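Here are my notes on the model, point by point. Have the structure open while you read.

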Amino acid sequence: VSTQSTGLFTIDITARIPTLCRGILIAPLLPRLNTLIEMVKTIHSVHKVDIPAAVTVVAKARNVTVSGPRGKLERNFRHLQVDIRVIGKQVQVEVWWGDRKHLACVRTVCTHIKNMMIGVTEGYQYNMRLVYAHFPIITKIDNNDTTLEVTNFLGTKINKLVKMADGVSITRSETVKDQLELRGNDVEKVSQSAAAVFAAARVKGKDIRKFLDGIYVSQKGLIKHFKDQ
């Protein structure tokens, strides 16, 4: 009888298979079955993220708050079964007895926390260009750089109003013609706001290979990377 120990249990692979069929059906699959059983659970997985000097991180009940020179960001990870602790100048994320999908959450949480740290220290920026062949796209920014009104798209009289996400501002470039600049601390809110602007000036009912009018993302990165341009 072939058995495999997983640390807590001993599993009998061929206990319920008739004796005459064991050699024919199970023998070629035993190495693979044993490998799968060994990979079911990982006892302990831990990853750490270094905290920059100008950043403060508070983790309580899987609710992480990151504060820095540009402001404060907060994110809730209570939907994930992970342990998040701040130890010295590091954030520690760990999982006990996790499977493959559960272990992938560890690096995901670490990446989110890293993005929050970068956002409160340097900030994110998306540049979008207005593309038109004949009818110029008219844009108007109101409400303290938090809303964008798009008019005259493909010559239509419909006005479309786009509201930026919380903490995201939109301005018109002073050096580049027909360019909009979105800035914010949360990379997800900045990218979502850019997607909303793109959706407001989207060609419908026509061949998009011919009608290329719209507002498209041309560049994205940290705010400091665009200051010298």
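1. Let's start with the pocket lining. By class, the lining of the largest pocket has seven polar, five charged and three nonpolar residues. The classes work like this: Ala, Val, Leu, Ile, Met, Phe, Trp, Tyr, Cys and Pro are nonpolar, Asp, Glu, Lys and Arg are charged, and the others, Gly among them, are polar. The space in this pocket comes to about 260 Å³. Of its 15 lining residues, Ser173, Thr175, Glu181, Arg183 and Phe226 are the closest to the centre. A pocket here is an open set of points, on a 1 Å grid over the protein atoms alone, where a 1.4 Å probe fits, with protein on both sides within 12 Å along at least five of seven lines; lining residues have an atom within 4 Å of a point. Grid points are joined across faces, edges and corners, and the volume is the space filled by probe spheres set on them.

2. A word on where this comes from. This is a predicted model, in which local features need pLDDT of at least 70 and side-chain atom pairs count only at pLDDT 80 or more, while totals for chains, interfaces and linings use all residues. Residues are numbered from 1 along each chain as its sequence is written, and side-chain values use heavy atoms, with hydrogens and water left out.

3. Which strands supply the pocket lining? At least two residues each come from β9 (124-131), β13 (169-172) and β14 (179-184), and β14 gives the largest share, with three residues. Overall, the protein chain has four helices and 15 strands; both are DSSP runs numbered from the N terminus, helices being H or I with at least four residues and strands E with at least two.

4. Look at Arg129 next, in strand β9. Arg129 is partly exposed, at 34% relative accessible area (buried is under 20%, exposed over 50%, partly exposed in between, with a 1.4 Å probe and protein chains only). Leaving out residues up to four places away in sequence, Arg129 touches Val176, Lys177, Asp178, Gln179, Gly214, Ile215, Tyr216 and Ser218, where contact means heavy atoms within 4.5 Å. Val176 is 47 residues from Arg129 along the chain, yet their C-alpha atoms are separated by 9.2 Å.

5. Asp178, one of those contacts of Arg129, deserves its own check. Asp178 sits in the loop between β13 and β14 and has a positive phi of about 55° although it is not a glycine. Its relative accessibility is 25%, so Asp178 counts as partly exposed. Arg62 is another to inspect: this non-glycine residue has a positive phi of about 60°, lies in the loop between β4 and β5 and is partly exposed at 29%.

6. Now the hairpins. Strands β5 (residues 63-68) and β6 (residues 71-76) run antiparallel and are joined by six bridges, with two residues in the hairpin connection. Val64 has Arg75 as its bridge partner in β6. Strands β7 (residues 83-87) and β8 (residues 90-98) are also antiparallel, joined by five bridges. Their hairpin has two residues between the strands, and Gly88 in the turn has a positive phi of about 65°. Strands pair, by the rule used here, if DSSP finds at least two bridges between them.

7. How do the side chains along β10 (residues 138-142) point? Thr139 and Ile141 point to one face and are buried, while Ile138, Lys140 and Asp142 point to the other and are not. In a regular strand the side chains alternate between the two faces of the sheet. β10 runs antiparallel to β11, with five bridges between them, and Ile141 has Leu148 as its bridge partner there. In their hairpin, Asn143 takes a positive phi near 55°.

8. At the end of β11 (residues 147-151) you will find Thr151. Thr151 counts as buried because its relative accessibility is 15%. Beyond neighbours within four places in sequence, Thr151 is in contact with Pro136, Ile137, Ile138, Ile158 and Asn159.

9. Last, the cysteines. The structure has zero disulfides, a disulfide being a pair of cysteine sulfur atoms within 2.5 Å. Cys105 is buried at 19% relative accessible area, and Cys110 is buried at 7%.
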